[in-house]
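Visitor: I would like to go through this structure with you. Could we begin with helix packing?

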Amino acid sequence: MRETPRPQGTAGDTGSELPRHRPGCAFAHTTGASGSGTPHRSDGRPPHTPRGARHTGPTVRPGTTPPVPGRTALLISVVSGLLALFALTTWQIAADGPLRSLDERTGRALVGHGPAGLTEFLADLGNTQVALPVLAFAIVWSLVRGARRAPVTAALTMAAVPLFVVPLKDWIARPGPLTDATGYYPSGHAATAAVAYGAAALLLAPYPRRSWMMPVAAVLLTAATGIGLVLRGYHWPLDVLGSWFLCGLLLVPLWLSRRSRRRSSSRTPSC
């Protein structure tokens, strides 16, 4: 007597149903897949991959990670510190406080030191004819490499410098080290150098192999500009420091824009 052939199935099948097609990767991640009997991972089992462990962000977008509390606290601390230092410096200069007296004694002691040609060259690094072309090159390069938000933010940050510096100069009306003319706090040259070189470094940092070189170069150029301005007698030390504190605050939105673009570009879709 010839046996009736049994339908083929998997090792765990007990009935006579036709073979089931194994669902693809997309179906394995859908809700309710845990009861389908498929060997794929389902929503009913705990995730074991980095993608499965992600949570929705503050804007309820799936696949984004929540903000890191440590980094947020660090950012708040930096912004608060810069704001407090700028407010303290401005208050001492405007109210003719003890820091202003110490600043002027220090400035008079430093004027004239160093080779005149070198200190003049360093002070000229804060001229718009020198600093702005550097920033313009960084903006164009970043646009060519596909960035959109960061170059616009950098240009707006540079445009905001005179909007903050000029009213403060008129309000405080501080005389210079070698002249009775007023309008020396904060330093416009120091602010121009800090924003131009700092913004250029933030725009170009993701592209070179040694990305740490760009921020280091920006810090060195900004510091060199301030040293030249003080040694040549063009500004008091607190004029330069006040500009640095202010421009550090102005560069925060650009820094956040660069970090946001790095995070979005680092995400790679996976099945």
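Guide: First, a term: a helix axis is a line fitted to C-alpha atoms over the stretch in contact, and angles run from 0 to 180 degrees between N-to-C directions. Please also note that this is a predicted model.

Visitor: Understood. At what angle do α8 and α9 pack?

Guide: The angle between α8 and α9 is about 155 degrees, and their axes are 9 Å apart. Because angles over 145 degrees count as roughly antiparallel, α8 is roughly antiparallel to α9.

Visitor: Is that crossing left-handed or right-handed?

Guide: The crossing of α8 and α9 is right-handed.

Visitor: Which residues meet there?

Guide: From α8, the residues are Thr222, Ala223, Gly226, Leu229 and Val230, and they meet Pro237, Val240 and Trp244 of α9. By class, this contact of α8 with α9 has 6 nonpolar residues, 2 polar and no charged.

Visitor: What about α7 and α9, how do their axes cross?

Guide: The axes of α7 and α9 come within 8 Å and cross at roughly 35 degrees, in a right-handed sense. On the α7 side the contact uses Ala190, Ala191, Ala194 and Val195, which meet Val240, Ser243, Trp244 and Cys247 of α9. The residues there are 7 nonpolar, 1 polar and no charged. Val240 and Trp244 of α9 meet α7, and Val240 and Trp244 also meet α8.

Visitor: Moving along the chain, how do α5 and α6 cross?

Guide: Helix α5 (residues 128–144) and helix α6 (residues 149–172) have axes that come within 9 Å and cross at roughly 160 degrees. That angle makes α5 roughly antiparallel to α6. The crossing of α5 and α6 is left-handed.

Visitor: Which side chains are involved, and what is their character?

Guide: Leu132, Leu135, Ile139, Ser142 and Leu143 of α5 make contact with Pro151, Ala154, Ala155 and Met158 of α6. Among the residues of this contact, 8 are nonpolar, 1 is polar and none is charged.

Visitor: New topic. What volume does the largest pocket have?

Guide: The largest pocket has a volume of about 590 Å³. It is lined by 22 residues, and those closest to its centre are Gly198, Val219, Cys247, Gly248 and Leu251. Cys247 has already appeared, in the contact of α9 with α7.

Visitor: Which elements give two or more residues to that lining?

Guide: They are α2 (69–94), α7 (188–204), α8 (213–231), α9 (237–250) and α10 (252–266).

Visitor: And how does the lining divide by residue class?

Guide: The lining of the largest pocket divides into 17 nonpolar residues, 3 polar and 2 charged.

Visitor: Let us turn to the backbone. Which peptide bond is cis?

Guide: The bond from Tyr185 to Pro186 is cis, with omega near -10 degrees. Pro186 lies in the loop between α6 and α7.

Visitor: One more backbone item: what is the phi of Asp96, and where is Asp96 found?

Guide: Asp96 has a positive phi of about 55 degrees, although this residue is not a glycine. Asp96 is in the loop between α2 and α3 (98–110).

Notes
Residues are numbered from 1 along each chain as its sequence is written. This is a predicted model: local features need pLDDT of at least 70, side-chain atom pairs count only at pLDDT 80 or more; totals for chains, interfaces and linings use all residues. Side-chain values use heavy atoms; hydrogens and water are left out. On a 1 Å grid over the protein atoms alone, a cavity is a set of points where a 1.4 Å probe fits but cannot get out, and a pocket is an open set with protein on both sides within 12 Å along at least five of seven lines; lining residues have an atom within 4 Å of a point. Grid points are joined across faces, edges and corners, and a volume is the space filled by probe spheres set on the points. Helices (H or I, at least four residues) and strands (E, at least two) are DSSP runs, numbered from the N terminus. Ala, Val, Leu, Ile, Met, Phe, Trp, Tyr, Cys and Pro count as nonpolar, Asp, Glu, Lys and Arg as charged, and the others, Gly among them, as polar. Angles under 35 degrees count as roughly parallel, over 145 as roughly antiparallel, 65 to 115 as roughly perpendicular and the rest as oblique. A crossing is left-handed if the near helix is turned anticlockwise from the far one by less than a right angle, and right-handed if clockwise. Contact means heavy atoms within 4.5 Å.
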